[in-house]
Amino acid sequence: MVKQKSIPLCIVLSIITCGIYGIIWFITLTDDTNTVTGKAGTAGIVAFLLTLVTCGIYGLYWAYKQGEKLDEAKNAKGIISSNSGILYLILSLFGLGIIAYALMQDSLNKLA
């Protein structure tokens, strides 16, 4: 069961905690997306550790794949979707990962 989260609250908590809540948000986004799609993907903690080990390169791949997974879930429920993976990748490349997280959370909130 995926719970809806308040996007502004998640952003504020990420800023106040100097990114620690952002890590938790990253992990829960990954796990919630796996739950919504019904496919066994990389677990949230594993995705975070891979991002650390690869100095952020895996995080770019993760952002793209999250977009693809969310688009598949939207299409399965009859919601029109665009190619979100490219958008999330571009946002992450330019250091705007928190905006990508917010857009992912918005999609998850709609699917929950």
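Helix α5 (residues 84–93) tucks away Ser84, Gly85, Tyr88 and Leu91 as its buried residues, where buried means under 20% relative accessible area with a 1.4 Å probe, protein chains only, exposed means over 50%, and partly exposed is in between. They span an arc of only 130 degrees around the axis, so they sit on the same side of α5; the arc is taken from the directions from the helix axis to the C-beta atoms. Keep in mind that this is a predicted model, where local features need pLDDT of at least 70, side-chain atom pairs need 80 or more, and totals for chains, interfaces and linings use all residues. Numbering runs from 1 along each chain as its sequence is written, and side-chain values use heavy atoms, leaving out hydrogens and water.

**Around α5**
- The cover over the buried residues of α5 includes α4 (57–76) and α6 (97–111), helices being DSSP runs (H or I, at least four residues) numbered from the N terminus.
- After α5 comes glycine 95, with a positive phi near 80 degrees.

**Aromatic pairs**
- The whole structure holds 6 aromatic pairs, meaning Phe, Tyr or Trp (six-membered) rings with centres within 6.5 Å; planes under 30 degrees apart are stacked, over 60 edge-to-face, and the rest tilted.
- Phenylalanine 26 and phenylalanine 48 pair edge-to-face, because their centres are 6.4 Å apart and their planes at 65 degrees.
- Phenylalanine 26 is in α2 (residues 20–37) and phenylalanine 48 in α3 (residues 44–53), so this pair ties together parts 22 residues apart in sequence.
- Phenylalanine 26 is buried at 4% relative accessibility, and phenylalanine 48 is buried at 18%.
- Ring pairs also join Trp25, Phe26, Phe48, Trp62 and Tyr101 into a cluster.

Methods
Helix = DSSP H or I, 4+ residues; strand = E, 2+ residues; numbered from the N terminus. Contact = heavy atoms within 4.5 Å.
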